[in-house]
Amino acid sequence: MSTFLINNILWFKAFHVFFMVAWFAGIFYLPRLFVNHAETKSDEVAQQFKGMEKRLLYFVTPFAIFTLLFGVTIIYAYGYDWFVASKWLHIKLSLVIVLFVYHGYCFKLVSTFAQNKNRRSGRFYRIFNEIPVLILLAVIILAYVKPM
């Protein structure tokens, strides 16, 4: 294992958490835009939401990628034996995969709204908005408490 990786692991962790926070800021806000978009009756307001949704999703996507890259770097730095022994990490990674699927689904939703094909209610998007909140809570508990 590289001494560069070992000597800089705290930097990798700091950047991992920074990009995760930036990613989640967008992932929490985007469904709120969907709620308002689904409930608006104004075509002019709907047009504004379309632009906001697309810009926000494309703005936060690099944060998701950097979160992943720094996370993989941290795993690599700790090594294979640590990875295999860390049961909590396997659950965390499964939840992270769900978050990336969620993020990908947001692209579909942005496209659906852009094409004026949304058929879901604001209530649906309010519930949809809670998914990453619950996953984030679980991920933080797994990463910091390491219950297993």
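**Note on a predicted all-helix chain**

1. The surface carries a nonpolar patch of about 650 Å², made by Val17, Val21, Leu137, Ile140, Ile141, Tyr144 and Val145. The model in which this patch is seen is a predicted one, and every point below should be read with that in mind. Two helices, α2 (9–39) and α6 (122–145), each supply at least two residues of the patch, and the largest share, five residues, comes from α6.

2. Two members of the patch can be placed individually, and a reader may like to find them in the structure. Leu137 lies in helix α6, and Ile140 has its place in helix α6 as well. Is Ile140 buried, partly exposed or exposed? Its relative accessibility is 38%, so Ile140 counts as partly exposed, because the partly exposed class runs between the 20% limit for buried residues and the 50% limit for exposed ones. Ile140 can also be related to an earlier part of the chain, since its C-alpha atom is separated by 14 Å from that of Phe18, although the two residues are 122 apart along the chain.

3. For the chain as a whole, the count is six helices and zero strands, and reading along the sequence gives the pattern α-α-α-α-α-α. The C-alpha trace spans about 60 × 30 × 20 Å along its principal axes. Of the 148 residues in the chain, 39% are buried, while the chain exposes about 9000 Å², of which carbon and sulfur atoms supply 69%.

4. How far apart in sequence are the residues that meet in this chain? Among contacts between residues at least 6 apart in sequence, 77% join residues at least 24 apart. A single example is Phe63, which is found in helix α3 and which touches Phe19, Ala22 and Trp23 when residues up to four places away in sequence are not counted. Phe63 has a relative accessible area of 17% and is therefore buried, as the cut-off for that class is under 20%. A further distance helps to place this residue: Phe63 and Trp11, which are 52 residues apart in sequence, lie 16 Å apart in space, C-alpha to C-alpha.

5. Helix α3 (residues 43–78) deserves a point of its own, including what happens at its two ends. It has 36 residues and reaches 52 Å from its first C-alpha to its last, close to the 52 Å expected at 1.5 Å a residue. At the start of α3, a side-chain oxygen of Ser42 comes to within 3.3 Å of the backbone nitrogen of Glu44. At the other end, α3 is followed by Gly79, whose phi is positive, near 100°.

6. The loop between α4 and α5 holds Ser86, whose relative accessibility is 5%, so that Ser86 counts as buried. What does the side chain of Ser86 reach? Its partner is the backbone oxygen of Trp82, at 2.6 Å.

7. Helix α5 (residues 87–114) can be checked by its length, because its 28 residues should span 40 Å at 1.5 Å a residue, and the end C-alpha atoms are 41 Å apart, which agrees. The buried residues of α5 include Trp88, Leu89, Lys92, Val96, Leu99, Tyr102, His103 and Cys106. Several of these follow one another at short intervals, and it is useful to recall that an α-helix has 3.6 residues a turn, so residues three or four places apart point the same way. Which helices help to cover the buried residues of α5? The cover includes α2, α3, α4 (80–85) and α6. Just after α5, Asn116 takes a positive phi of about 60°.

8. The structure holds one salt bridge, in which the side chains of Glu39 and Arg126 meet at 2.8 Å, N to O. This pair links distant parts of the chain, with Glu39 in helix α2 and Arg126 in helix α6, 87 residues apart. As general background, side chains of opposite charge can pair when their charged atoms come close. Glu39, at 38% relative accessibility, counts as partly exposed, and Arg126, at 35% relative accessibility, also counts as partly exposed.

Note on methods. Residues numbered from 1 in each chain as written. Predicted model: local features only at pLDDT ≥ 70, side-chain atom pairs only at ≥ 80, totals over all residues. Heavy atoms only, no water. Patch = residues over 30% accessible without salt bridge, like charges linked within 9 Å, V, L, I, M, F, W, Y side chains within 5 Å. Areas by Shrake-Rupley, 256 points an atom, 1.4 Å probe, with all protein chains shown as cover. Salt bridge = Lys/Arg side-chain N within 4 Å of Asp/Glu carboxyl O. Helix = DSSP H or I, 4+ residues; strand = E, 2+ residues; numbered from the N terminus. Buried < 20%, exposed > 50% of the residue type's maximum accessible area, 1.4 Å probe, protein only. Expected span 1.5 Å × (residues − 1). Polar contact = N/O pair within 3.5 Å; in protein donor to acceptor, adjacent residues only side chain to side chain. Contact = heavy atoms within 4.5 Å.
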